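Subject: The structure, and what turned up in it

Hi,

Here is the structure I promised to send over. Have a look at it first, and then read on for the notes below.

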Amino acid sequence: MTSVQPIQELLQEVASSAEFRGLVRELEGSARTGAAVRVGGLTEAAKTLCAALLRRQLRASVLYVTANNRQAEKAFDLLQAWTHLLGEPAPLLIPAHDVHPYEELSPHADISEKRALNLAKLAAGEEALVAVPLAAAASRTEPAQFYRGLVRHIRRGDAWDLSELVEYLQAVGYTRYDPVEMPGQFSLRGGILDVYSPESRRPVRLELFGDEVESLREFDPETQRSVGPLERVALLPLTEFPFRREILEKLSAHVGGLHTDTYIPSEPFPGWEFLVPLVQPLSSTFLELSGKAILFLDEPAELQREMERLWVLLEAELRQAQEAGRPAAAAEQFYLHWEEFLEQAQRRPVVHAEELGWSGPPSGGTAFAFSSRPAPNLHGNLPLWLAEIQNLLQQEFRVLVLTSGTGETDRLAELLAEHRIPFRRAERVRERTATRGFGYGEEDLALPACWIGRGGLAHGVSFPAQRLIVFGHQDLFETSPAAVRPAASRSATSVFLSDFRDLKPGDCVVHVEHGIGCYRGLKEIEAGGMPQEFMELEYREGDRLYVPLTRLDLVQQYRGTDGAQPPLDRLGGATWARTRSRVQKAMRAMAEELLKLYAQRELSPGFAFADNNPWQQELEESFEYEETPDQLRTIEEVRRDMEKPGPMDRLVCGDVGYGKTEVAMRAAFRAALHGKQVAVLAPTTVLAFQHHETFRQRF
């Protein structure tokens, strides 16, 4: 008896085709001969499915090479959807740098972190499916041992020098912060080291007795309390350019005397990462780093054109840098030419994939012509989609419909049942037996049927030869492809820092101790032998106060009710002290009134709403966007309030587009289910209620 995953079985039909089996045989042979294999007739979704199936079939790393970062991100999303449906490990994305070597700028921290994490995994020999733009795939890199050395594996009982660990964390991009709340932070208290490594569920707490790691525990960043013990932990890097004092000292010899306002001896400066080859050349390449991974080239002709454009741009920027007298490494020290890239590619299995045909196929390679088409986009026209499903079933197609949530799945199931169209729920895994009986057997998967399941695929694909079509959720519903990415959470213990980026010279600000002043800009002042930046604040009679940027928590922008400029306070005067005293008295009076009001409310009876029911669950799963941490916290707080027997008193506020309507709709729907009236004042929220499908069905 074996378990059957219908979605996996249906997608595996593509791997059972004669073309795919021939492709696998050629790739297994080309691992020895180095011959390239050509494939055509694959749409974008089909190409990424093919790459995911190759990774599954050959158990080898696959590098999916695209023309640029934008295409790599799109391919990564598709690969992520397919690997999830196939039950395979998630893919990796290794982006190219967002700046060129001659712009005197450092790479973006997020890109550097993502590259460091995934280059370390690739260098460690992990079998992975990798989406990578050509500029990254054709780049020169450090050797594999360099990237493996960016990771520290710590086990309980190991001996570690605490000062060396702290030095390592600072070198690979961690920030000292107490308390530790977010990835990339660490704190040190005596022999206790708290570290929040990227990709970890929670931060870890290391307790050392002497040089021995006596204890390893996860802890909750909100409460700072331990959650459970660990035997080992991997500390991952946040940058592929670790701080190395000896390299910076060597660089100082090259750039000393040039741009002394920018370059400080032995200290990092903008763009220093791209000057490293001047003193320590990059001795490896991305392809060498990836071992014998299969190279999957998406539209080789487009890749060649992209490489030629990149070299034209690099050579022009290098000439400008040399004419300006700036130090610069040659472009050949960063990237391979297209011919060099192909030469290195010949040492491994290579797939040249094109959607329409072979514009310039490699000589001597074997070609396979697949048959795939984009799935029809119905633009939210469900009656048309139902007719299309009936037509496909008559043509003996297997139809796989992937939705974005349980609410969509249930709704489609109701529609199919109403129109007497046979369907099955793909997420219901059953057992396949040797005899025909209960469960899904091979004969079930071979029959024309409509399968419904959840999946992150936006747009689907059709394989006419296999009589298989996959619909993505945007093929059926007119939903936006954008999704809200959860913001990094911060706990209540986080220190508030005023944001002065919107301040302009002449704006009024309020200092906690000195009152209302006028912001005059930033000024650099030497303090402690080093130049530092200060906020310059002007007070009455021209007095000046300089606030270091490390104490921005003392300053906030003044926000008046009528837009009028307030009178400035005098430094050391009594006006601000009297103002604070008057406000404190008014606050105490208001607090007394609120205490009386809340005491009366506590004694008043209310209505305790019951827990969620299936209608409520369907509504919540039908929302298009992923909730932010603030939304989730507010939704949970409102739910708890509604379940209490006392009157509810909660104000939900936020800027436009921050998700207030969704929070209100959940609460209003729950109240309406219990027969309670709901008053809605915002016109946009009224429209949202009127046009939401679940509201229309139930009320």
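A residue counts as buried when its relative accessible area is under 20%. With that cut-off in hand, take helix α1, residues 6-15: seven of its 10 residues are buried, so the helix is largely enclosed by the rest of the structure. The buried residues of α1 are Pro6, Ile7, Gln8, Leu10, Leu11, Val14 and Ala15. Please keep in mind throughout that this is a predicted model.

The overall picture

The protein has 699 residues, and 44% of them count as buried. Its secondary structure comes to 22 helices and 30 strands. If we take the contacts with a sequence separation of 6 or more, 72% of them are between residues 24 or more positions apart.

Two buried residues with distant partners

Two residues show what such pairings look like up close. Val39 sits in strand β2, which covers residues 36-40. Its relative accessibility is 0%, so Val39 counts as buried. Which residue comes within 4.9 Å of Val39, C-alpha to C-alpha, from 314 residues away along the chain? That partner is Ala353.

Phe286 is the other one, and it belongs to helix α10, residues 286-289. With a relative accessibility of 1%, Phe286 is buried as well. The C-alpha atoms of Phe286 and Thr141 are 6.0 Å apart, although 145 residues separate the two in sequence. Thr141 is also one of the residues in contact with Phe286 once neighbours within four places in sequence are set aside. The others on that list are Leu63, Ile94, Leu119, Leu122, Val132, Ala136, Ala137 and Ser139.

Two helix pairs

Next, the way some of the helices pack. Helix α3 (residues 44-58) and helix α4 (residues 69-86) have axes that come within 9 Å and cross at roughly 50°. An angle like that falls outside the parallel, antiparallel and perpendicular ranges, so α3 and α4 are oblique to each other. Their crossing is right-handed. On the α3 side, the contact involves Glu44, Ala45, Thr48, Leu49, Ala51, Ala52, Leu53 and Arg56, and these meet Lys74, Ala75, Leu78, Leu79, Trp82, Thr83 and Leu86 of α4. By type, the residues in this contact are 10 nonpolar, two polar and three charged.

How do α18 and α20 lie with respect to each other, roughly parallel or roughly antiparallel? Helix α18 (residues 614-621) packs against helix α20 (residues 660-673) at an angle of about 160°, and their axes are 10 Å apart. Angles over 145 degrees count as roughly antiparallel, and α18 and α20 are therefore roughly antiparallel to each other. The crossing of α18 and α20 is right-handed. Trp615, Gln616, Leu619 and Glu620 of α18 make the contact with Met665, Arg666, Phe669, Arg670 and Leu673 of α20. Those residues divide into five nonpolar, one polar and three charged.

Backbone details

A few spots in the backbone are worth a look on screen. The peptide bond between Asp178 and Pro179 is cis, with omega at about 5°. Pro179 is in the loop that runs between β8 (175-176) and β9 (185-189).

There are also residues other than glycine with a positive phi, and here are two of them. Arg59 has a phi near 50° and is found in the loop between α3 and β3 (62-66). Its relative accessibility is 42%, so Arg59 counts as partly exposed. Glu541 has a phi of about 65°, and its place is in the loop between β28 (530-538) and β29 (544-548). At 61% relative accessibility, Glu541 counts as exposed.

Cysteines

How many disulfides does a search of the whole structure find? The search finds zero. For two of the cysteines, the surroundings can be stated too: Cys50 is buried, with a relative accessible area of 4%, whereas Cys653 is exposed, with a relative accessible area of 65%.

That is what I have for now. Happy to go through any of it with you.

Best wishes

Notes
Residues are numbered from 1 along each chain as its sequence is written. This is a predicted model: local features need pLDDT of at least 70, side-chain atom pairs count only at pLDDT 80 or more; totals for chains, interfaces and linings use all residues. Side-chain values use heavy atoms; hydrogens and water are left out. Axes are lines fitted to C-alpha atoms, for helices over the stretch in contact, and angles run from 0 to 180 degrees between N-to-C directions. Helices (H or I, at least four residues) and strands (E, at least two) are DSSP runs, numbered from the N terminus. Angles under 35 degrees count as roughly parallel, over 145 as roughly antiparallel, 65 to 115 as roughly perpendicular and the rest as oblique. A crossing is left-handed if the near helix is turned anticlockwise from the far one by less than a right angle, and right-handed if clockwise. Contact means heavy atoms within 4.5 Å. Ala, Val, Leu, Ile, Met, Phe, Trp, Tyr, Cys and Pro count as nonpolar, Asp, Glu, Lys and Arg as charged, and the others, Gly among them, as polar. A disulfide is a pair of cysteine sulfur atoms within 2.5 Å. Buried means under 20% relative accessible area, exposed over 50%, partly exposed in between (1.4 Å probe, protein chains only).
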